[in-house]
Amino acid sequence: MRCGWGRDIIADVNGNTSERMLARLRAGETRALARAISLVEDGGAGSAELVAACRLSGRRGLRIGVTGPPGAGKSTLVDQMARWVRGQGQTVGVIAVDPSSPYTGGALLGDRIRMQGFEGDAGVYIRSMASRGRMGGLARGVEEVCTVMEAAGRQTILIETVGVGQDEVDVVAVADVTVLVLVPGMGDEVQSMKAGVMEVADVFVVNKGDREGAERLEAEVRAMQGLGASEADSVPVVRTVATTGEGVGELMGSVLEVAAREQKGVGRELRGLAEAGLRLDHLGVAVRSIAAARGFYELLGMSVGAEETVEHEQVRTAMLPLGESRIELLEATAEDSVIGRFVAKRGEGLHHIAVKVDGVDAMFERLKGEGVRLASDAVRVGAGGHRYFFVHPASTGGVLVEIVGGGSE
Ligand code: ZN
């Protein structure tokens, strides 16, 4: 029974259509990117698998949310930001989000017009998203499209919203850094936005900064940050003129500063961990006899690699390479050992799943901190110097999970 389950896991990881699509994305095929985003937007068969495969690709870009009231010049500003990023030699994905629009997909007239500034530059990819028929909310859809773009190698993702309602706030929450764009002459609007929207901003922009009232608006925004805010806590305020590109370099400097600061925070570091560098390392199968069990795998065409005895665990292991992962056959060398007791109690079968992570110590602390039941009291060092710990089946849905450190650790 348990073996069949293990086989399903392998089938998911190897050779399915998501993997083929991912390979095309990784190769940088723009048409594959367009297709993949459409698939994810429609949420049809295979879309969840594709998103999962993209997450496992371990690629992560910087997500910058740009929001603000209509007429603040966000589109022009986003185009300038994209240009600036391109000037740094990085690739860009732009997601233009309009929660009020019933239209979705990449074929909007607006997209074509916007793309004109970047004709012939495959390093900029612009896509519109709307709300119609979206399962699980627009924000989740945007997050998934970000993930696909990142798997396709986009290093910076600009997420632009049309307005500043609750939907837009939810959408920019997907971003690592959020830019709130304001313009002089908004009058009471700034006051009315105070409540929810002002808090999401990591960087304030006073756009159309050459207009009358820019100075006053900037002063108002600074005043609004409250008496308690120290110099270090205060959110940067940058003045731009999007139509000429003035101030865009300063804006991006502030954005990158915030990103760097947040990256130092544990939360960001762990979030990156959860989304990057995870892969199936091996499946551990407890058997009575390696000699008896290996025949089947050899019939499959797999070859048995190193066979070795780990004395302190009283177990003999045989590794069978399988793609980028392995099957590990485990045979007890003593009845009163972990594997010996497992086989006596439950019979032969899947014993554990080993997941490789970059940052095994951080993962240990994270799981411990979240109250996950661990089966190891510390990160241990195993054969060949690899570092690992076990998570108890009570916390994983019934299977022992081994967390193994990445290659560089
Ligand atoms: Zn193992």
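**Cysteines, zinc site and model confidence**

No disulfides are found in the chain when a pair of cysteine sulfur atoms is required to lie within 2.5 Å, the count being zero. A disulfide is a covalent bond between the sulfur atoms of two cysteines. Among the cysteines, Cys 54 is buried, its relative accessible area being 1%. Cys 146 is likewise classed as buried, with a relative accessibility of 0%. The structure described here is a predicted model.

The zinc ion is bound through four protein donors, namely NE2 of His 282, OE of Glu 328, NE2 of His 352 and OE of Glu 402. These donors lie 2.1 to 2.5 Å from the metal. Along the sequence, the donor residues follow the spacing H-x45-E-x23-H-x49-E. Glu 328 belongs to strand 11 (residues 325-332), whereas Glu 402 belongs to strand 15 (residues 400-405); the pair therefore ties together parts that are 74 residues apart in sequence. Glu 328 and Glu 402 are both buried.

The geometry of the site was also examined. The angles subtended by the four donor atoms around the zinc ion range from 83 to 169°, and the arrangement is therefore irregular. A tetrahedral assignment would require all angles to lie between 85 and 135 degrees. For reference, the ideal angle for four tetrahedral donors at a metal is 109.5 degrees.

At the level of the whole chain, 15 helices and 15 strands are present. The chain comprises 409 residues, of which 47% count as buried. Among contacts with a separation of 6 or more, 68% are made by residues 24 or more positions apart. The accessible surface of the chain amounts to about 19700 Å², with 51% of this area belonging to carbon and sulfur atoms.

Confidence varies along the chain. The average pLDDT is 81, and 81% of the residues score at least 70. The highest confidence is found in strand 7 (residues 237-239), at 95, and the lowest in helix 1 (residues 2-13), where the mean is 37. Over residues 1-15 the pLDDT remains under 50, and the model has 17 contacts beyond four places in sequence for this stretch. Residues 264-274 also have a pLDDT below 50, and the model shows 17 contacts for this segment beyond near neighbours in sequence. Where pLDDT is low, the predicted coordinates should not be read in detail.

Key:
Residues are numbered from 1 along each chain as its sequence is written. This is a predicted model: local features need pLDDT of at least 70, side-chain atom pairs count only at pLDDT 80 or more; totals for chains, interfaces and linings use all residues. Side-chain values use heavy atoms; hydrogens and water are left out. Buried means under 20% relative accessible area, exposed over 50%, partly exposed in between (1.4 Å probe, protein chains only). Donors are N, O and S atoms within 2.8 Å of the metal (3.2 Å for Na, K and Ca); water is not among the atoms, so sites may look incomplete. Four donors count as tetrahedral if all angles lie between 85 and 135 degrees; four count as square planar and six as octahedral if opposite donors are over 155 degrees apart and all others between 65 and 115; anything else is irregular. Helices (H or I, at least four residues) and strands (E, at least two) are DSSP runs, numbered from the N terminus. pLDDT is the predictor's confidence in each residue, from 0 to 100. Contact means heavy atoms within 4.5 Å. Accessible areas come from the Shrake-Rupley method with a 1.4 Å probe; for residues, only the protein chains shown count as cover.
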